[in-house]
Amino acid sequence: MRFKTTAEHEALRKKVREFAEEKIKPIAFDLDQNNEYPDDIVKEMGKLGFLGIPYPKEYGGQGLDVISYAITVEELSRVDGGVGVICSAHTSLGTWPIFAFGTEKQKKKYLIPLAKGEKIGAFGLTEENAGSDAGGTETTAELDGDNYILNGKKIFITNAPKADTYVVFAVTTPGIGTHGISAFIVEKDFEGFTFSDHYDKLGIRSSTTAELHFENVKVPKENLLGKEGQGFKIAMATLDGGRIGIASQALGIGQGAYESALGYAKEREQFGLPIAHLQVNTFKLADMATYLKAARLMIYSAAELKENHERYSADAAMAKQFASDLAEKITSEALQLYGGSGFIKGIDVERFYRDAKITQIYEGTNEIMRVVVGAHTVGKAPKMKAAGSNKKSGPIAGVRKREIYEGDPKEAVKNLVAALKKDGYDFTVGIDPYTPVQEAERIVVAGRGIGDKKNMKLIEDLAYQAGAAISSSRPVAETLKYVDLDRYVGMSGQTFKGNLYIGVGVSGAGQHLKGIKNASTIVAINNSKNAPIFLNCDYGIVGDAMEILPLLIKELDNGEEKKPAPPMKKMKRSKPRKMAPTNPIYVDTGSGYEYNPEEGDPENGIEPGTPFDKLPDNWVSPVSGEAKDQFIKMDVPEDRK
């Protein structure tokens with residue numbers, strides 16, 4: 001371990017610091033206020049080589065060490081934490097997996113432009129049910145000829161949608177836990193690959209963060225990264241290195257806040273002397289300097305271990321947890337030294353304070369960091385049954401009928417209205433369409449899928465005919481501003497506890513579904529059959545909303561003015577019909593044990609719904625220990641149908 005950086009390291013620090021001070025600092029406030037990605041800054045960072053620091057020159061990089069990379073992220077973050085994480089996520093997450101696991105062909109096609117900064121990279125792992133537990137991944141990739149077909153969604157993806165190249169993780173073999181996850185290189189312009197709006201975040205607002213949506217995305221077989229089933233291993237190895245980047249970001253944010261507070265405390269006078277010389281403040285500043293020194297040594301130590309191909313997982317986790325906890329503490333103390341002035345927009349410590357929090361959360365929460373460190377100290381905990389088995393917690397809105405109508409739109413609309421009337425909904429009654437959401441028995445919800453604002457006229461007409469209030473998803477209210485903010489439903493908005501929810505063009509984000517889970521009946525209209533809302537609805541129509549809405553409005557219109565709706569009576573949710581088993585059963589000839597794909601083998605980590613041919617090669621009969629090839633296939637007995 002070198003306790004002192006080299007002259008080359010410090011020359012790089014000077015170069016990056018001068019760039020950050022001259023180019024980023026003058027616009028940092030505007031980037032933060034406008035939630036704006038600095039396109040020109042990122043392009044210039046690429047030209048200067050900042051985005052390819054640790055990669056070999058033969059692949060377009062700078063051929064420098066991991067400490068040089070840490071210094072680069074640290075110095076960028078010292079001025080703006082958002083710009084620092086653009087560099088970190090690109091280098092550690094979007095680029096490193098291709099360098100470490102890619103074929104030579106993949107490196108030439110993708111790594112070179114990434115290392116040169118000509119393309120930006122991102123990493124698609126996190127999902128609504130797969131955050132700290134990546135084993136809960138639900139995005140799927142099914143091999144079809146020469147392509148894998150990706151379907152699903154990723155959330156909280158740094159550098160999306162600006163990135164050009166994404167390393168994406170998906171389940172290729174369901175039911176066998178983390179061993180069934182694979183990694184893919186996905187290009188931004190692949191058909192069916194779309195993005196949500198850039199999140200409106202608390203901090204690091206110059207960094208873009210968005211969702212990735214995959215709708216039958218064709219990914220060539222040659223874009224499989226590593227081998228099938230290696231995805232979890234690739235993800236965990238990538239995150240180990242990424243934690244050095246996040247620790248460096250946290251260090252830079254803390255350093256920037258410390259320097260700002262120190263300068264202010266030397267100038268601000270109270271009681272006849274600069275407040276820096278009041279002992280309580282002197283001690284605060286001394287503690288900050290001490291913490292920063294300790295964090296820097298931990299980060300550079302982990303970086304040196306990685307550079308020398310030694311085990312560094314625990315060291316990176318320690319550095320990330322320590323540096324990010326300190327960043328939150330230091331920025332809070334820095335703001336405190338500024339007093340009331342620090343609470344005002346435009347003072348950099350206010351921005352540093354907001355930027356610091358995320359470093360304790362992403363690329364592994366600090367709780368997970370302690371799990372990682374603990375596994376290296378007290379050892380791993382004994383395995384629990386069915387742990388890490390891609391177990392799904394079920395639909396967010398609960399188990400629903402899921403009667404989905406496809407094909408002829410006219411027939412689909414007739415079937416939907418008939419089903420709703422059979423459930424007891426009276427469409428001869430109506431309410432004021434601007435009744436508060438929480439007071440309405442029924443709501444019609446506009447999602448991003450309705451398109452232009454002019455299409456809200458169809459939403460209004462449908463609300464009238466359905467006897468419902470008008471509502472929306474969050475982006476329609478917050479970003480598009482088609483309705484007032486107090487009308488959107490979701491975990492962060494209004495909750496709907498009435499009877500009938502009709503979602504038009506709503507994809508079904510988790511925060512939205514959590515706001516409607518108490519609805520008696522959920523109806524979904526969307527052109528994507530893979531939209532999550534179809535997993536959470538009682539009735540659904542797959543098709544173009546602009547074609548379906550006029551038909552539905554007409555079908556609900558009885559030609560008379562609506563009568564006032566009576567006081568709401570909460571309707572009970574109807575249970576879905578139980579379907580007869582359809583999959584064949586496989587019998588162990590040695591013991592008579594029957595493997596039913598619909599039941600799986602949960603005690604041994606095999607989830608219900610896992611086909612027999614997708615069982616891992618090392619799976620054996622839980623009764624006799626016989627291998628798969630000792631099982632014979634049988635049709636479902638008549639008495640079970």
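Which residues in H13 meet which residues in H16? In this predicted model, the H13 side of the contact is made up of Leu458, Ile459, Asp461, Leu462, Gln465 and Ala466. Facing them from H16 are Met546, Leu549, Pro550, Leu552, Ile553 and Leu556. Sorted by character, the residues of this contact come out as ten nonpolar, one polar and one charged.

As for the geometry, H13 spans residues 456–466 and packs against H16 at an angle of about 30°, the two axes being 9 Å apart. Angles under 35 degrees count as roughly parallel, and H13 and H16 are therefore roughly parallel to each other. Their crossing is left-handed.

H16 also has business with the sheet. Covering residues 545–556, this helix lies across E15, E16 and E17, and runs at about 130° to E16.

The sheet itself is open and has six strands, lined up as E11-E17-E16-E15-E13-E14 with parallel pairing. At the edges stand E11 (403–405) and E14 (469–472), and each has a single partner strand, so one side of each is left without a neighbour in the sheet. Going from one strand to the next, the twist averages 20°. Within the sheet, E15 (residues 500–504) and E16 (residues 521–526) run parallel and are joined by five bridges. In this pair, Val504 of E15 sits opposite Ile525 in E16. Another helix, H12 (residues 409–422), packs on the sheet too, and touches E11, E15, E16 and E17 (539–542). The direction of H12 makes about 170° with that of E17.

Elsewhere in the chain numbering, a second helix pair can be described in the same terms, namely the angle between the axes and the distance between them. H7 (residues 231–267) and H10 (residues 348–357) have axes that come within 10 Å and cross at roughly 155°. Angles over 145 degrees count as roughly antiparallel, and H7 and H10 are therefore roughly antiparallel to each other. The crossing of H7 and H10 is left-handed, as is that of H13 and H16.

On the H7 side, the contact involves Ile253, Gly256, Ala257 and Ser260, which meet Asp348, Val349, Phe352, Asp355 and Ala356 in H10. The breakdown for H7 with H10 is five nonpolar, two polar and two charged residues.

Conventions:
Residues are numbered from 1 along each chain as its sequence is written. This is a predicted model: local features need pLDDT of at least 70, side-chain atom pairs count only at pLDDT 80 or more; totals for chains, interfaces and linings use all residues. Side-chain values use heavy atoms; hydrogens and water are left out. Two strands pair if DSSP finds at least two bridges between them. Helices (H or I, at least four residues) and strands (E, at least two) are DSSP runs, numbered from the N terminus. Axes are lines fitted to C-alpha atoms, for helices over the stretch in contact, and angles run from 0 to 180 degrees between N-to-C directions. Contact means heavy atoms within 4.5 Å. Angles under 35 degrees count as roughly parallel, over 145 as roughly antiparallel, 65 to 115 as roughly perpendicular and the rest as oblique. A crossing is left-handed if the near helix is turned anticlockwise from the far one by less than a right angle, and right-handed if clockwise. Ala, Val, Leu, Ile, Met, Phe, Trp, Tyr, Cys and Pro count as nonpolar, Asp, Glu, Lys and Arg as charged, and the others, Gly among them, as polar.
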